[in-house]
Amino acid sequence: MEKFVAHPHLEFLIGEGQECKVRHPFFDTEITGSMGVCQLLKRLSAATTKQEMREWRLCNDSTISELLRWFYIVLESELSFLEHGFLRAVGCPIGTPVTWAGLTSRKICPAGDAIFGIPTDIGGEFPGAREGPASIRNTLRDYAPMLCRKHAEPGDIIDYESRRIIGGSKLHVYDCGDVLWNAGESLEIVRGRTIKLADKIISLGCRPFVLGGDHSITAFVLEALHIHYPSIGLIQFDAHHDLYANQAVQRRRLDHGNMVRFALEQGAIASAFQIGLRTIEPFTQSDCQHDGSRLDFVSASQAEGLQAEDLFSRLDRTRPYYLTFDVDVLNGFNTRTNVVGGLSYYKCLEFYRYLNDHFEVIGGDFVEVGAVDASNYLPDIVSRLLLTCIFSRAVVRDC
Ligand SMILES: [Mn+2]
């Protein structure tokens, strides 16, 4: 039986006469209610079932629902990741900024795209990927006002590279900010927060687009999507297959090198199509087999020589797809996990355009991007691919 507690950081402002006022510091909301509400919240320092709450008769069911909706009352099992809030607003949002309260009160257009960052690299071997969301947003700083609906509907946009006109009235892009991650917090805490946010976004009819973070974060987004989609195909751009089995996996711990194996074993994805693989490593029969059904791959040199139409002809077009992009798939850039060779920027752009035009894309992520430095165009490339996903649904005409 699920048990609930009051959020431990509530501030009781007044309890005057028949009224009480309580503030929630992490979501910056305030409620005014009867003294029954105060009494309920104070008694909920001990975990209680919903039935018990009703039996106390301190307030009615709809008030209890509202308190739950705004996190005045939370599931005891979710307290570990909700106690300190779970979203952080960002300096240069991509599109219209939206808070958790905004999502909860449906202040967004269904069928939009909702972006959020996960600035963590604890699933990886090298630090740096925690800088990804900030460096990607920073790269898009000049474009972002074109996507924002805060003051007026955005005007039309011309994308010269794709030779397309994008209709401003068709663009619904939201930036939820970053999933909170404090140094020292575990991946499990990040998982809880990510699923909470992604599940909300998806249930509002929006597509999640995620700025990583190391590659482990993909597993959490897929877990949230799987609540809504029974059979998801993963399309992965990566130098590595991320099916690595090691001791950590036997303890079922997730990291950036086993994310695909984890998602397959968990049942979150029905298939994975991997593009750009090019490592040389010991062959083990126990590894997941690339048998062409659940798991299939195209090497980097093969993919570079193929047209998008031919590359993706083998994919089932009735299935929804999630796109994950590890920057080490690219040729000629300095990533922390370089393998010689790789795909060109224009090949990736062609593939992204084709996938978004011809398949049902239900979301995507861009991972292992580090901090910006003068010689590193990775955030710029990732930004262009993200815009390709967003623009594809708002094309007015070619030009
Ligand atoms: Mn990877």
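This passage describes the overall build of a predicted model, then two of its sheets, a helix pair and two individual residues.

Taken as a whole, the protein contains 14 helices and 18 strands. Its radius of gyration is 23 Å, close to the 21 Å that the globule rule gives for 399 residues, so the protein is as compact as a globular protein of that length. Measured out along the principal axes, the C-alpha trace spans about 75 × 55 × 40 Å. Of the 399 residues, 45% count as buried. Contacts that reach far along the chain are well represented: among those between residues at least 6 apart in sequence, 73% join residues at least 24 apart.A convenient place to begin with the sheets is the N-terminal part of the chain. There, β2, β3 and β4 form an open sheet in the order β2-β3-β4, with antiparallel pairing. Strands β2 (11–14) and β4 (29–34) stand at the edges with a single partner strand each, so one side of each is left without a neighbour in the sheet. From one strand to the next, the twist averages 30 degrees. In general, strands of a sheet pair through backbone hydrogen bonds, in either a parallel or an antiparallel arrangement.

The two pairings of this sheet can be followed residue by residue. Strand β2 is joined to β3 by three bridges, and glutamate 11 has arginine 23 as its bridge partner in β3. On the β4 side, arginine 23 stands opposite glutamate 30. Arginine 23 is thus placed against glutamate 11 in one pairing and against glutamate 30 in the other. Strand β3 (residues 19–24) pairs with β4 over six bridges, in the antiparallel sense. Within that pairing, valine 22 finds its bridge partner in isoleucine 31 of β4. The connection between β3 and β4 is a hairpin with four residues between the strands, and aspartate 28 in the turn has a positive phi of about 50 degrees. Helix α1 (residues 35–43) lies across β2, β3 and β4, and runs at about 50 degrees to β3.

A second open sheet brings together strands from separate parts of the sequence. Its three strands follow the order β9-β10-β18, and the pairing is again antiparallel. The edge strands, β9 (157–159) and β18 (395–398), each pair on one side only. Neighbouring strands of this sheet are turned by 25 degrees against each other on average, direction ignored. Strand β10 (residues 164–166) is joined to β18 by three bridges, and these two strands run antiparallel. One of the residue pairs is isoleucine 166 with valine 395, its bridge partner in β18.

Among the helices, α6 (residues 132–139) packs against α14 (residues 378–391) at an angle of about 70 degrees, with the axes 8 Å apart. The two helices are therefore roughly perpendicular to each other. On the α6 side, the contact is made by Ser135, Ile136 and Thr139, which meet Pro379, Asp380, Val382 and Ser383 of α14. The residues of this contact divide into three nonpolar, three polar and one charged.

Following the chain onward from α14 leads to serine 392, which sits in the loop between α14 and β18. Serine 392 is partly exposed, with 19 other C-beta atoms within 10 Å, where 20 or more would count as buried. Neighbours within four places in sequence aside, serine 392 is in contact with Asn356 and Asp357. Arginine 130 lies 262 residues away from serine 392 along the chain, and the C-alpha atoms of the two are separated by 28 Å.

Glycine 177 offers a second local view, this time from within a strand, β11 (residues 173–179). Glycine 177 is buried, with 21 other C-beta atoms within 10 Å. Apart from neighbours within four places in sequence, the contacts of glycine 177 are Leu87, Arg88, Ala89, Val90 and Phe116. Isoleucine 115 is 62 residues from glycine 177 in sequence, yet the two are 7.5 Å apart in space, C-alpha to C-alpha.

How values were computed
Residues are numbered from 1 along each chain as its sequence is written. This is a predicted model: local features need pLDDT of at least 70, side-chain atom pairs count only at pLDDT 80 or more; totals for chains, interfaces and linings use all residues. Axes are lines fitted to C-alpha atoms, for helices over the stretch in contact, and angles run from 0 to 180 degrees between N-to-C directions. Angles under 35 degrees count as roughly parallel, over 145 as roughly antiparallel, 65 to 115 as roughly perpendicular and the rest as oblique. Two residues are in contact if their C-beta atoms, placed from the backbone, lie within 7 Å. Ala, Val, Leu, Ile, Met, Phe, Trp, Tyr, Cys and Pro count as nonpolar, Asp, Glu, Lys and Arg as charged, and the others, Gly among them, as polar. Two strands pair if DSSP finds at least two bridges between them. The radius of gyration is taken over C-alpha atoms; the globule rule is 2.2 Å times the number of residues to the power 0.38. A residue is buried if 20 or more other C-beta atoms lie within 10 Å of its own, exposed if 12 or fewer, and partly exposed in between; C-beta atoms are placed from the backbone.
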